[in-house]
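Let's take a friendly look at this model together, beginning with its strands and then turning to its rings.

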Amino acid sequence: VQLQASGGGLVQAGGSLRLSCVASGSINGIKVRRWYRQAPGKEREWVASIIPNGIVNYADSVKGRFTISRDIAKKTLYLQMNSLEPEDTAVYYCNINSVYGNYWGQGTQVTVSS
């Protein structure tokens, strides 16, 4: 199974983007779906997560601005990003962790201009 992330781009500060991450097949035993990001010169950091019962968690830096969700039927994970700031500039990666393995998308670039 492969994850394909999309939706990144160039946006002005205060703007919005919605990232999508589509799985090429079914993944059983999912424990958690996450978004991470990696800014230039920095380590990859966790952004948001959603577990099968729908409970979500966010990094403090994005809380109140980003929303993680998923459409199980479409095998798609989303990240709605509002009120974007230049500090949100990074490559964003989707991740699905299951009892059978850990899956990563290829990353999608988000650039926020001031």
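## A sheet and a ring pair

In this predicted model, four strands make up an open sheet with antiparallel pairing, in the order E1-E3-E8-E7. At the edges stand strand E1 (3-6) and strand E7 (66-71); each has a single partner strand, so one side of each is left without a neighbour in the sheet. From one strand to the next, the twist averages 15°.

If you would like to follow one pairing in detail, try E1 and strand E3 (residues 17-23): the two run antiparallel and are joined by four bridges. Within that pairing, Ser-6 has Ser-20 in E3 as its bridge partner.

Now for the rings. How many aromatic pairs does the structure hold? There is one aromatic pair, formed by Tyr-36 and Trp-104, and it is tilted, with 5.1 Å centre to centre and 50° between the planes. Tyr-36 belongs to strand E4 (residues 30-38) and Trp-104 to strand E10 (residues 101-104), so the pair ties together parts that are 68 residues apart in sequence.

Is Tyr-36 buried or exposed? Tyr-36 is buried, because its relative accessible area is 17%, under the 20% cut-off. Trp-104 counts as partly exposed, at 36% relative accessibility.

Arg-44 also meets aromatic rings, as listed here:

| Charged residue | Ring | Distance from ring centre |
|---|---|---|
| Arg-44 | Tyr-93 | 3.7 Å |
| Arg-44 | Trp-104 | 4.8 Å |

Trp-104 therefore appears twice in this picture: it pairs with Tyr-36 across strands E4 and E10, and Arg-44 lies over its face.

Notes:
Residues numbered from 1 in each chain as written. Predicted model: local features only at pLDDT ≥ 70, side-chain atom pairs only at ≥ 80, totals over all residues. Heavy atoms only, no water. Phe/Tyr/Trp six-rings, centres within 6.5 Å; stacked < 30°, edge-to-face > 60°. Buried < 20%, exposed > 50% of the residue type's maximum accessible area, 1.4 Å probe, protein only. Lys NZ or Arg CZ within 6 Å of the ring centre and 35° of its normal. Pairing = 2+ DSSP bridges. Axes fitted to C-alpha atoms, helices over the stretch in contact; angles between N-to-C directions.
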